[in-house]
Amino acid sequence: MTEDERTERERIAELRAPGRKWIFGQLQGWNCALCAARLYADRPICTVEVDYGSVTETYQLYVCAPSCETARAAWETARAAWVTARAACETARAAQRPAPPDGDRPVVRAPRRRTGA
């Protein structure tokens, strides 16, 4: 048995543990069953039965593909690139704006009050 197979079996056992709390999105297949992150690329992992008193429902669970750690690292890399690009854009915009003349301040007007009748 390889390390990946053992880890996969441990994850399935963790998911099927009795009394586990679920998020609605995990049961509907919108969120990862392991890390609860939003799923953009997924793979089925197992089915679980959830007991609602007199009713038992069976759900197919999905997890991040290829793995939660890889998906999270890719998301963080993309977010860092986006933040860098946004900062560069803001810097370029600030350089294009003309500087306000000294002593010239914007006028802030107070809202008018109604003189009621």
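## A guided tour from the core to the surface

Begin by selecting Leu15, Cys32, Ile45, Cys46, Val48 and Leu61: of the 14 residues in the largest nonpolar core, these touch the most other members. A nonpolar core is a set of buried Ala, Val, Leu, Ile, Met, Phe, Trp, Tyr and Cys residues joined through side-chain atoms within 4.5 Å. Colour β1 and β2 (56–64) next, as these are the elements that give two or more residues to this core. Helices (H or I, at least four residues) and strands (E, at least two) are DSSP runs, numbered from the N terminus.

The model is predicted: local features need pLDDT of at least 70, side-chain atom pairs count only at pLDDT 80 or more, and totals for chains, interfaces and linings use all residues. Residues are numbered from 1 along each chain as its sequence is written, and side-chain values use heavy atoms, with hydrogens and water left out.

Within the core, centre on Ile45. Not counting residues up to four places away in sequence, Ile45 touches Glu8, Arg11, Ile12, Leu15, Gln60, Leu61 and Val63; contact means heavy atoms within 4.5 Å.

Move now to Arg20, in the loop between α1 (3–15) and α2. Arg20 has a relative accessible area of 25% and is therefore partly exposed (buried means under 20%, exposed over 50%, partly exposed in between, with a 1.4 Å probe and protein chains only). Beyond residues up to four places away in sequence, Arg20 touches Glu14, Leu15, Gln26, Ala33 and Leu34. A distance label between the C-alpha atoms of Arg20 and Val50, 30 residues apart along the chain, should read 9.1 Å.

Select Asn31 and Ala36 together. Asn31 is found in the loop between α2 and β1 (42–51), and Ala36 is also found in the loop between α2 and β1. Asn31 counts as buried because its relative accessibility is 18%, whereas Ala36, at 26%, counts as partly exposed. A polar atom of the Asn31 side chain lies 3.1 Å from the backbone oxygen of Ala36. Ala36 has a positive phi of about 65° although it is not a glycine.

Finish at the surface with Ile23, Phe24 and Trp30, a nonpolar patch with about 340 Å² of accessible area together. Accessible areas come from the Shrake-Rupley method with a 1.4 Å probe; for residues, only the protein chains shown count as cover. Patches are made of residues with over 30% relative accessible area and no salt bridge (a side-chain nitrogen of Lys or Arg within 4 Å of a carboxyl oxygen of Asp or Glu), like charges being joined within 9 Å and nonpolar side chains (Val, Leu, Ile, Met, Phe, Trp, Tyr) within 5 Å. Phe24 is found in helix α2 (residues 24–28) and counts as exposed at 54% relative accessibility.

Key: A polar contact is a pair of N or O atoms within 3.5 Å; within protein, one must be able to donate a hydrogen and the other to accept it, and residues adjacent in sequence count only if both atoms are side-chain atoms.
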